[in-house]
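I opened the notebook to record what I looked up, entry by entry. The notes follow the order in which I went through the residues and sites.

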Amino acid sequence: MARPEDSAWAVSVAQVASRPGQSSPVDADFPAPSGIGDTIVGVTEGEPIHVNGAFDSIIDGLVFHAHITAPVHAECTRCLKPLQHDWGTDVTAFFPYSYKEDETDDDTDIIAGEEESEDTYPLSPDGCFADLEALLRDTFAESLPLQPLCQPDCKGLCPQCGINLNEHPEHKHDTTDIRFAALAGLKEQLERETKDR
Ligand SMILES: [Zn+2]
Ligand SMILES: [Zn+2]
């Protein structure tokens with residue numbers, strides 16, 4: 001059976017567990033778990049996610065708070081340019097000493113405007129390790145930008161020919177000409193049909 005400490009996301013909390021008022025800092029890279037986002041917006045599995053925070057022990061568990069930064073890959077929703085940038089978010093989670101399954105989901109709390117969520121995760125059965133895999137996955141699944149843009153005023157692509165309008169700001173089609181040409185063609189066709197009758 002896999003031991004809790006063999007997980008790539010295991011953090012030893014043995015020194016602070018069950019001793020209220022202690023703090024154990026975490027400042028390390030962890031591999032991105034699978035399943036964060038998709039090929040359009042996400043974090044590629046195995047990419048380093050930096051966690052900078054601490055476990056603070058309270059009476060009934062460990063409060064984990066950290067700033068988490070991950071290399072998010074995305075595509076500008078307007079011009080489809082590939083984007084690669086570090087995406088950071090603050091997270092607070094609770095690792096109770098006695099963990100009940102039904103505490104997992106109803107505890108999600110998004111504090112308006114603070115981009116902070118609080119979730120509950122289990123410690124290892126012996127209480128010596130906290131595993132951050134699920135926390136990292138949940139955190140980024142919830143906070144990824146859904147409509148990433150390469151720049152706030154991205155001009156996008158020309159709807160007619162697909163050229164990137166950021167690179168060609170002067171680009172435009174003489175749309176009136178195209179419409180007139182189509183109308184002229186239609187007119188010709190109608191005239192011909194009338195004549196043939
Ligand atoms: Zn763009
Ligand atoms: Zn065009």
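Is Ile 68 buried or exposed? I looked it up in what is a predicted model. Ile 68 is buried, as its relative accessible area is 0%.

**Entry: surroundings of Ile 68**

I placed Ile 68 in strand 4. I then listed what Ile 68 touches, leaving out residues up to four places away in sequence. The list holds Ile 49, His 50 and Val 51, then Trp 87, Gly 88, Thr 89 and Val 91, and finally Leu 135, Leu 136 and Phe 140. I also checked one backbone distance: the C-alpha atoms of Ile 68 and Asp 90 are separated by 6.2 Å, with their positions 22 residues apart along the chain.

**Entry: overall layout**

I counted two helices and seven strands in the protein. Read from the N terminus, the order of elements is β-β-β-β-β-β-β-α-α. Of the 197 residues in the protein, 32% are buried. The exposed area is about 12,200 Å², and carbon and sulfur atoms supply 53% of that area. I looked at contact range as well: among contacts between residues at least 6 apart in sequence, 59% join residues at least 24 apart.

**Entry: nonpolar core**

Which residues have the most contacts inside the largest nonpolar core? They are Phe 55, Phe 64, Phe 95, Leu 132 and Leu 135, in a core of 35 residues. I noted which elements give two or more residues to this core: strand 2 (23–31), strand 3, strand 4, strand 5 and helix 1. Strand 4 provides the largest share of this core, with seven residues.

**Entry: aromatic pairs**

I searched the whole structure and found four aromatic pairs. For Phe 55 and Phe 95, the ring centres are 5.6 Å apart and the planes stand at 65°, so I recorded the pair as edge-to-face. The cut-off behind that reading is an angle over 60 degrees. This pair links distant parts of the chain, 40 residues apart: Phe 55 belongs to strand 3 (residues 48–58) and Phe 95 to strand 5 (residues 82–96). Phe 55 counts as buried at 0% relative accessibility, and Phe 95 counts as buried at 0% as well.

Phe 95 also pairs with Phe 64, again edge-to-face, at 6.4 Å centre to centre and 85° between the planes. Phe 64 lies in strand 4 (residues 61–75) and Phe 95 in strand 5, so this pair ties together parts that are 31 residues apart in sequence. Phe 64 is buried, with a relative accessible area of 0%.

I followed the ring pairs onward and found that they link Phe 55, Phe 64, Phe 95 and Tyr 121 into a cluster. Setting aside neighbours within four places in sequence, I listed the contacts of Phe 95. Besides Phe 55, Phe 64 and Tyr 121, Phe 95 is in contact with Gly 61, Leu 62, Pro 122, Leu 123, Ala 130, Asp 131, Leu 132 and Leu 135.

**Entry: zinc ion (ligand 1)**

Which residues are the protein donors of the zinc ion (ligand 1)? I found Cys 76, Cys 79, Cys 150 and Cys 154, each through SG, lying 2.3 Å from the ion. The four donor atoms subtend angles of 106 to 115°, so the arrangement is tetrahedral. Along the chain the donors follow the spacing C-x2-C-x70-C-x3-C. Cys 79 lies in the loop between strand 4 and strand 5 and Cys 150 in the loop between helix 1 and helix 2, so the pair ties together parts that are 71 residues apart in sequence. Cys 79 is buried, with a relative accessible area of 6%, whereas Cys 150 counts as partly exposed at 22%.

**Entry: zinc ion (ligand 2)**

The protein donors here are Cys 158 (SG), Cys 161 (SG), His 171 (NE2) and His 173 (NE2), lying 2.0 to 2.3 Å from the zinc ion (ligand 2). I read the arrangement as tetrahedral because the four donor atoms subtend angles of 106 to 114°. The donor spacing along the chain is C-x2-C-x9-H-x1-H. Cys 158 and His 173, 15 residues apart, are both placed in the loop between helix 1 (133–143) and helix 2 (175–196). Cys 158 is buried, with a relative accessible area of 7%, while His 173 counts as partly exposed at 28% relative accessibility.

Terms used. Residues are numbered from 1 along each chain as its sequence is written. Chains are lettered from A and ligands numbered from 1 in the order in which they are written. This is a predicted model: local features need pLDDT of at least 70, side-chain atom pairs count only at pLDDT 80 or more; totals for chains, interfaces and linings use all residues. Side-chain values use heavy atoms; hydrogens and water are left out. Rings of Phe, Tyr and Trp (its six-membered ring) pair if their centres lie within 6.5 Å; planes under 30 degrees apart count as stacked, over 60 as edge-to-face and the rest as tilted. Helices (H or I, at least four residues) and strands (E, at least two) are DSSP runs, numbered from the N terminus. Buried means under 20% relative accessible area, exposed over 50%, partly exposed in between (1.4 Å probe, protein chains only). Contact means heavy atoms within 4.5 Å. Accessible areas come from the Shrake-Rupley method with a 1.4 Å probe; for residues, only the protein chains shown count as cover. Donors are N, O and S atoms within 2.8 Å of the metal (3.2 Å for Na, K and Ca); water is not among the atoms, so sites may look incomplete. Four donors count as tetrahedral if all angles lie between 85 and 135 degrees; four count as square planar and six as octahedral if opposite donors are over 155 degrees apart and all others between 65 and 115; anything else is irregular. A nonpolar core is a set of buried Ala, Val, Leu, Ile, Met, Phe, Trp, Tyr and Cys residues joined through side-chain atoms within 4.5 Å.
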